Amino acid sequence: MAVEVAGITKEYGTQKAVDDLSFKVEDGEILGFLGPNGAGKSTTMKIITGYLHADAGNTIVNGHDTAEEPLEVKRTIGYLPEHNPLYPELYIREYLELMARIQNVSGNRKQRVDEIIELTGLTRESRKKIGALSKGYRQRVGLAQALIHDPGVLILDEPTSGLDPNQLAEIRQLIRSLGENKTIIFSTHIMQEVQAICDRVLIIDKGKMVLDKPIAFLDDQNLDRRMVLVQFDRNVVANTLKKEIPGVTKVESTDTKGKYKIYSKAEDDLRPLIFKYAVDKGLVILEMVQQRSTVEDVFQYLTKN
């Protein structure tokens with residue numbers, strides 16, 4: 001087991017940022033760690049790295065207790081915090097060589113820096129000072145420093161922040177490839193990234209866990225998460241659709257004439273029933289598309305107030 005979090009609690013005054021939280025992350029697993037702002041994600045990741053101490057509970061990383069063996073934990077973790085601290089006056093290569101010395105990287109450090117620069121797509125910018133880089137490239141430098149000592153566990157807090165679509169695709173591919181031999185805890189607000197990158201999703205709200213499932217749960221979880229977007233040739237009463245079409249759990253009107261979002265349980269395919277309803281009522285279907293729930297849908301479902 002790469003990471004074990006057991007009953008950790010962290011309070012700031014009267015506010016519990018993390019409340020008796022427990023979970024495990026397997027070797028080689030990419031965990032998507034989600035929650036609304038203020039849910040306790042960053043606090044939890046700082047506790048795992050040993051940057052913060054929990055008020056209760058304990059955390060084990062690659063067999064080392066963060067409270068009792070903090071230096072051993074730090075040697076085995078690569079950490080990219082949400083607010084990426086860098087030295088803007090240093091050149092990229094200069095900064096990474098400094099990080100390699102701090103992390104006591106053995107062997108040819110210059111060669112290791114060259115490898116990480118190429119791995120993170122910094123080759124073209126490598127002769128620039130960090131202060132001259134775009135936000136996206138500064139994120140790459142932060143990821144490079146997290147990787148410089150070849151850690152077994154990566155903690156990435158909003159690693160794709162500020163990246164353009166092309167950079168997003170490249171970093172997504174990089175994180176996915178790193179997940180083949182590293183354990184990664186990946187926090188983001190970009191739900192599509194979770195579905196594209198992660199093996200498992202963990203959602204917390206107000207410091208407590210509200211969901212811990214494999215990504216495949218989106219096909220299995222029994223939530224109101226199958227939705228048919230349908231447009232008729234004229235308006236109908238939304239409540240009538242719910243009453244007269246079997247299996248409908250919720251109907252939402254849209255701003256477009258005759259267009260509705262019709263929800264059902266995961267196992268129900270409403271399209272034949274909607275078609276029959278339209279025929280019986282003399283309605284013409286202009287559009288009908290079935291959609292599966294996304295991580296974003298489930299996130300909102302579980303964390304809405």
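Which strands does α1 lie across, and at about what angle does it run to β1? The close-ups below come from a predicted model, and the opening view takes up that question.

**View 1. Helix α1 on its strands, β1, β2 and β4.** Here α1 lies across β1 (3-12), β2 and β4. Relative to β1, the helix runs at about 120°.

**View 2. The open sheet with the order β2-β1-β4-β5.** This sheet has 4 strands and antiparallel pairing. Its edges are β2 (15-25) and β5 (64-65), each of which pairs on one side only. Zoom in on the β5 end: strand β4 (residues 56-61) and β5 are antiparallel and joined by 2 bridges. Looking for a residue pair to label there? Ile 60 has Asp 65 in β5 as its bridge partner.

**View 3. Strand β6, covered on both faces.** In a regular strand, side chains alternate between the two faces of the sheet. For β6 (residues 77-80), Ile 77 and Tyr 79 sit on one side, with Gly 78 and Leu 80 on the other. All of these are buried. Next to β6 comes β7 (residues 153-157): the two strands run parallel and share 4 bridges. One pairing to pick out is Ile 77 with its bridge partner in β7, Val 153.

**View 4. Positive phi values at Asp 150 and Glu 158, in the loops on either side of β7.** Most residues other than glycine have a negative phi. Asp 150 goes the other way, with a positive phi of about 55°; it belongs to the loop between α5 (135-147) and β7. Glu 158 also has a positive phi, near 55°, and isn't a glycine either. You'll find Glu 158 in the loop between β7 and α6 (165-178). Is Glu 158 buried or exposed? Its relative accessible area is 10%, so with the cut-off for buried at under 20%, Glu 158 counts as buried.

**View 5. The largest pocket and its lining of 27 residues.** The volume of this pocket is about 780 Å³. Which residues lie nearest its centre? They are Lys 74, Ile 77, Tyr 79, Gln 103 and Gln 145. Two or more lining residues come from each of α1 (41-49), α2 (70-76), β6, α3 (92-102) and α5. If you're thinking in terms of chemistry, the lining breaks down into 14 nonpolar, 8 polar and 5 charged residues. Ile 77 and Tyr 79 turn up here as well as in View 3, where both are buried on one side of β6.

Technical notes:
Residues numbered from 1 in each chain as written. Predicted model: local features only at pLDDT ≥ 70, side-chain atom pairs only at ≥ 80, totals over all residues. Heavy atoms only, no water. Buried < 20%, exposed > 50% of the residue type's maximum accessible area, 1.4 Å probe, protein only. Pairing = 2+ DSSP bridges. 1 Å grid on protein atoms, 1.4 Å probe; cavity = no way out; pocket = protein on both sides within 12 Å on 5 of 7 lines; lining within 4 Å. Points joined across faces, edges and corners; volume = space filled by probe spheres on them. Nonpolar A, V, L, I, M, F, W, Y, C, P; charged D, E, K, R; others polar. Contact = heavy atoms within 4.5 Å. Axes fitted to C-alpha atoms, helices over the stretch in contact; angles between N-to-C directions.
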